[in-house]
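Hi,

Here is the structure I promised to pass on. Have a look at it first, and my notes follow underneath.

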Amino acid sequence: MSCSSCFFFLLLLMSFFHLCLSTQNFSNVLCKDVERQALLRFKQGVIDHGDQLASWVSEEKECCSWVGIVCDNFTGHVHQIRLRGVDGNCRVNDYTTTKPYDEASQEMLGGDISSSLLHLKQLRHLDLSCNDFGGIQIPSFMGSLANLRYLNLSSSRFGGIIPPQLGNLSELQVLGLGSFYDKTFGSESTQLLNMQWLSSLRSLHHLDMSGVDLSKAINWFQVMNTLPSLVKLHLSSCQLPHVHPFVPSLNITSLSLLDLSGNYFDSSFVPRWIFSITGLVSLDLTECNFHGPIPSSIDSFRNLTALKFLHVSGNDFMNSSFVLKGLSSIGSTLISLDISSCGVSSPVLDTLHNLTSLHSLDMSNNQLTKAIPKSLADLCSLRNIDLENNNFQNMSLIFLLGSIFECESPRLESLSLTNSKISGHLPDSIGRLSFLRSLSLSDNLISGSIPNSIGRLLSLEILDLRINQLNGSLPESIGLLSKLEFLGFSYNLLTGVVTEAHFAKLARLKVLWGTGNNLVLRPRVANWTPSFHLQTLGLNSWDLGHQFPLWLQFQRNLIRLELINTSISSTIPELFWRSIPNLETLKMSQNNFQGRLFGFPASLAVIDLSSNNFSGPLPQLPKSSSVNTLDLSNNSFVGSLHHLLCLYGGESLDFLNLANNQLSGVIPKCWVKWPNLSFLNLDNNNFSGVIPRTLGSLSSLGTLNMCNNKLSGRLPVSLRNLKNLEILQLARNELAGRIPTWFGRELSSLRILNLRSNKFDGDIPRELCDLTVIRILVLAHNNLSGNIPRCFNKFDVLSGKDTTPDGRIFTLSRLGTDLLGSASLVTKGREDTYSTILRLVMILDLSSNNFSGHIPSELMTLQALQSLNLSRNQLTGRISENIGDMKSLESFDISLNQLSGELPMSLSSLSFLSSFNVSYNNLTGRVPSSTQLQGFNESSFFGNQLCGDPLTRRCRIEVPDRDEQEDHDGSHGTEWGLIISTVSGFIVGFWVVLAPLLVSTSWRITYFSFLRDMWYKFYDFIRKYCCNMFPK
């Protein structure tokens, strides 16, 4: 054996001996006691609700076996702490619903981070990401952990300024301080004022600062340019102040991933330096708002020959043939392309081609109108296509994506065409897409039946066909889709019977939306037990039969349940309430449920059982109730409100509707228990007594409706504290006293004020004119008196001058429930209930009071007013000629007053007028001519001295006396004086000349001799004149 061979063998033997010794030592050597004590002190500082650190106990001497601890195999020193929370699933989007996210959040670590970690001298890896440290600042002592190579504090809800001491970690290779910005819950609250300290981290190759506030870090670009080893850079949603678009190049030649998404560089061109990073593999510029065009001097994407992932959603520079041609030159390397929301049109898209390696294509929210060109990519190899929110009007699915359906073995896994105006039928060939996992075709115009071939899509997890025009029956083959988790076909035209066969193999189904079809559910098996365990179920408008569906008691995972208008007329079994421990939303209105309600599960947040036939006392809310919406209106509940509202309270309830029941007694005083209530409707019950002062404690209240009860007394002064009140309805009670002056001063947000049919008296306070945003003001059927205020022209909305947005209550709805409620209003001579269009109504009703004096001309400035009712008062004077300025007026009633004079001619210009009543006044003269006025019934004018169409009484022509002629300017009668004078003058002049000629012969001879002499003289003059003018 040669010397070199012996040496090699000896070296191998020593290495093997060292390895064995290391293994033996690890099994016996305990971790360093000082480091174990340091870890125990660290545990004392943190909050560990999930008992992640249960193995960290002093009795266990071997800390290297503790959860999250990794030691060196030979020395026993702690090298790594891996305490990443919730398995790295930090974002709410990682979960199907918010509930499991909330549950997972309870497992996160919190509290403080002890400086005892400084005793871990050999610590190289520290991962505390995906936890919740409650906004504390990142400890500055971490900058003294000199051996750290890996530090990840991402998505752990730190706050304040990131300490610059982290710049001392010169060995650091990976630094994660970002939040993986989540739009639902917002970003981290950390920020950096100066990034200069990052320049010291020369070994850094991975930097994540997503969601960190860098708006004041003006040197961010220069600092990044000093990190030569950087490979991955995440700066999404950092509020970066400037992107330096004209810098030609960047020094970081090793960069392969660049993420600048969500920074919204408004009014900036796409930076030139991006196209100089030739090694880029992944580029994300989503929602940066970069504008185009790219200058022709830039070779755009042609230099990025390694690019595989390009996400540029929300940048209009991509809507350029020049840019897409450059992208085509590297198309063979692209795997994923997102050009959604870039304004790309079909003609521009025709210049993009040769994307032969493409697997994922997102062109949603663009202006595409034509089929996808075959030259764009190898459509048979595409995995994911998103074309939603385009305009493929009158284009069928088979025409749009016909090339894919023709593929011998299509690889498509996800297809979304939501809201793209697709029409036609679902082709039977859709069953050939055997790899399809997600199919979203909602909000289109697809008609015809659902093909049976849909049952061949055995990989399908999501099937969304909602809001189309599909008809026929639901195919049983859907029941074969064993991997299906989401099934939606709501708001179509489906009919027929659904049985358990339609759900035979849907064991994984979590969401079922079938609302808005004419389907009948009739399981063939009486005690059917579904294989699925749903989280969301919506079967509104189905026929579920008269009995409550017993199979629902097996759906213990339900979070949302909607069974509105499903023909159920039985009681709700007590077992059902015990079988839904996770239910948050329950909507079963418009059925005919019977019996009593005794209580609700504590998990419920939304309860809508309105329009049923429940009876007995109101149910009791649980002590730990989280309900925020409770609607029990239109039932037959009796008794008091006390045990519903006063036993327990809660800060979550903000919508309470108990209208149209048979509740009685006094309204309780315990409103302070519900401080966040914003909607309260007690309309049409039998409540009596006074309005409690404690209602004034509901500072968030926007709607208060207590109409149609037996409430008495005066309005409590405490109501002036309801600064956010937009709707106040107290009609049809027995309330008395004067209308408070503080209505105008303190309740300035009022849009609707309805005090109809009470016992209010006195004048209308001038302060009421300060309700500038009022839309509906009803004070009818009270004992009010005095003059109508002239300041009503301050109502800016009714005048058409107000352009401010509607208030919170007028614009919001909660889970489909309009917060506006409803109102019974008298317009056009009849009482109607307004609900869905209530926000469009403009009414002023002061009828059936004792108002006197003239109708103020200022009322005529209310140009947006639709209904004006001043009937049944004691008003006098004339109707203002300016009434024609009220161009929006549809209903006008001034009947049963003492008005006089003529109807103004300007009434003819009210082209929207459809209800008109001026009966029983002292009006005179002709009815003005217009299509509207002549179309009303004669009863609209009874009790006056009016004439002309549409009345049977004709108007007479009269000769006015001289005084009347002088008062008017003579333009309204025949000029008889002028006629008589003219005729008399003619007769006198004629006989003065003619009579002497008839009586005297000598006068006749002299007269005719005179005429003859005059004729000769005239003739001689004409002859001489002609001879001079025309000589021979």
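**Around serine 799**

Not counting neighbours within four places in sequence, serine 799 is in contact with Asn793, Thr861, Leu862, Gln863 and Ala864 (contact means heavy atoms within 4.5 Å). Serine 799 sits in helix 12, residues 796-799 (helices are DSSP runs of H or I, at least four residues, and strands are runs of E, at least two, numbered from the N terminus). With 8% relative accessibility, serine 799 counts as buried (under 20% relative accessible area; exposed is over 50%, partly exposed in between, with a 1.4 Å probe and protein chains only).

Before you read on: this is a predicted model, where local features need pLDDT of at least 70, side-chain atom pairs count only at pLDDT 80 or more, and totals for chains, interfaces and linings use all residues. Residues are numbered from 1 along each chain as its sequence is written, and side-chain values use heavy atoms, with hydrogens and water left out.

**The sheet**

There is an open sheet of four strands, in the order 24-26-28-30, with parallel pairing (two strands pair if DSSP finds at least two bridges between them). Strands 24 (447-448) and 30 (518-521) are at the edges with a single partner strand each, so one side of each has no neighbour in the sheet. Strand 28 (residues 493-498) is joined to strand 30 by four bridges, and threonine 495 stands opposite asparagine 518 in strand 30.

**A residue to click on**

Try phenylalanine 301: leaving out residues up to four places away in sequence, phenylalanine 301 touches Phe275, Leu307, Leu310, Phe317, Met318, Val323, Gly326, Leu327 and Ile330.

Cheers
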